[in-house]
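Please look over the following chain and its fold, and then read the paragraphs below as a guided walk from the overall layout to single residues.

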Amino acid sequence: MTGSSARRRPASIMPALFAFLLLVLPAGAAHAGEQYTDRQGRALNGYDAVSYFSETGPVRGLETITTEYNGASWWFASEANRAAFIAEPARYAPAYDGHCAYALAHGRKVRSDPQAWQIVDGRLYLNFSTAIHQRWQADIPGYLQQSEANWPTVEPEAAARPSRWF
């Protein structure tokens, strides 16, 4: 490297640096995008994320039982659900930072309705509306394949904004 003051790092440092980056970067990038929230900054419009995985389905959370995660306020119906979420937020938080899974198959971040939902392979997916949810159900594997392919490009974009409907 003539004419340069740059120094080469010893070869023994490179594997350690590479291993460190593999550990750190995925953890930081897991939620690089903005969480979709309502106008009050609540994820799932105040519904309890853990309740989607129960037999009864989604229930509204309480203003007194909350936590912060991925830039949003998460409400829960019970302290037990709050504790479960805190222990494993990635298990309970909706896919695609709460944006519509059908819209993501078409390359866009769009708001979602917390009552248009489905658990697929242990993951919570939301859709824009119950009508869009019915379209999504016609080919869930195909739409998820498209959504997964689009997500790396769409994720860094700003979150969808809530509309007047909810």
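The text below goes from the whole chain to its cores, then to a pair of helices, and finally to individual residues.

What is shown here is a predicted model, and its chain is built from six helices and four strands. In the order in which these elements occur along the sequence, they give the pattern α-β-β-α-α-α-β-β-α-α. Of the 166 residues in the chain, 43% are buried. If one takes the contacts between residues at least 6 apart in sequence, 60% of them join residues at least 24 apart.

The interior can be approached through its nonpolar cores. The largest nonpolar core has 18 residues, and the members that touch the most other members are Tyr-96, Cys-100, Tyr-102, Val-120, Tyr-125, Trp-136 and Leu-144. At least two residues of this core come from each of helix H4 (101-105), helix H5 (130-137) and H6. A second core, separate from this one, consists of 16 residues, with Val-50, Tyr-52, Ile-65 and Tyr-92 among them.

Val-120 gives a closer view of the contacts made by one member of the largest core. When its neighbours within four places in sequence are left aside, Val-120 is in contact with Tyr-125, Trp-136, Ile-140 and Leu-144. Some of these names return where two of the helices meet.

How do the axes of H5 and H6 cross? They come within 7 Å of each other and cross at roughly 100°, and the two helices are therefore roughly perpendicular to each other. On the H5 side the residues that meet H6 are Arg-135, Trp-136 and Gln-137, while Ile-140, Tyr-143 and Leu-144 are their counterparts in H6. Sorted by class, the residues in this contact of H5 with H6 are four nonpolar, one polar and one charged.

Helix H6 itself spans residues 140-154, and Ala-149 has its place there. Is Ala-149 buried or exposed? Its relative accessibility is 56%, and because exposed means over 50%, Ala-149 counts as exposed. In sequence, Ala-149 and Ala-105 are 44 residues apart, yet their C-alpha atoms are 8.0 Å apart in space.

Two residues in loops deserve a look for their backbone angles. Most residues other than glycine have a negative phi. Tyr-96, found in the loop between helix H3 (89-92) and H4, has a phi near 60°, which is a positive value in a residue other than glycine. Asp-121, in the loop between strand E3 (113-120) and strand E4 (123-127), likewise has a positive phi, in its case near 50°. As for accessibility, Tyr-96 counts as buried because its relative accessibility is 5%, whereas Asp-121, at 82% relative accessibility, counts as exposed. Tyr-96 is also one of the residues that touch the most other members of the largest nonpolar core.

The last stop is Asp-38, which is found in the loop between helix H1 (13-29) and strand E1 (62-69). With a relative accessible area of 4%, Asp-38 is buried. Which residue does the side chain of Asp-38 meet in a polar contact? The partner is the side chain of Arg-42, and the distance is 2.6 Å.

Note on methods
Residues numbered from 1 in each chain as written. Predicted model: local features only at pLDDT ≥ 70, side-chain atom pairs only at ≥ 80, totals over all residues. Heavy atoms only, no water. Buried < 20%, exposed > 50% of the residue type's maximum accessible area, 1.4 Å probe, protein only. Polar contact = N/O pair within 3.5 Å; in protein donor to acceptor, adjacent residues only side chain to side chain. Core = buried A, V, L, I, M, F, W, Y, C linked by side-chain atoms within 4.5 Å. Contact = heavy atoms within 4.5 Å. Axes fitted to C-alpha atoms, helices over the stretch in contact; angles between N-to-C directions. Parallel < 35°, antiparallel > 145°, perpendicular 65-115°, else oblique. Nonpolar A, V, L, I, M, F, W, Y, C, P; charged D, E, K, R; others polar.
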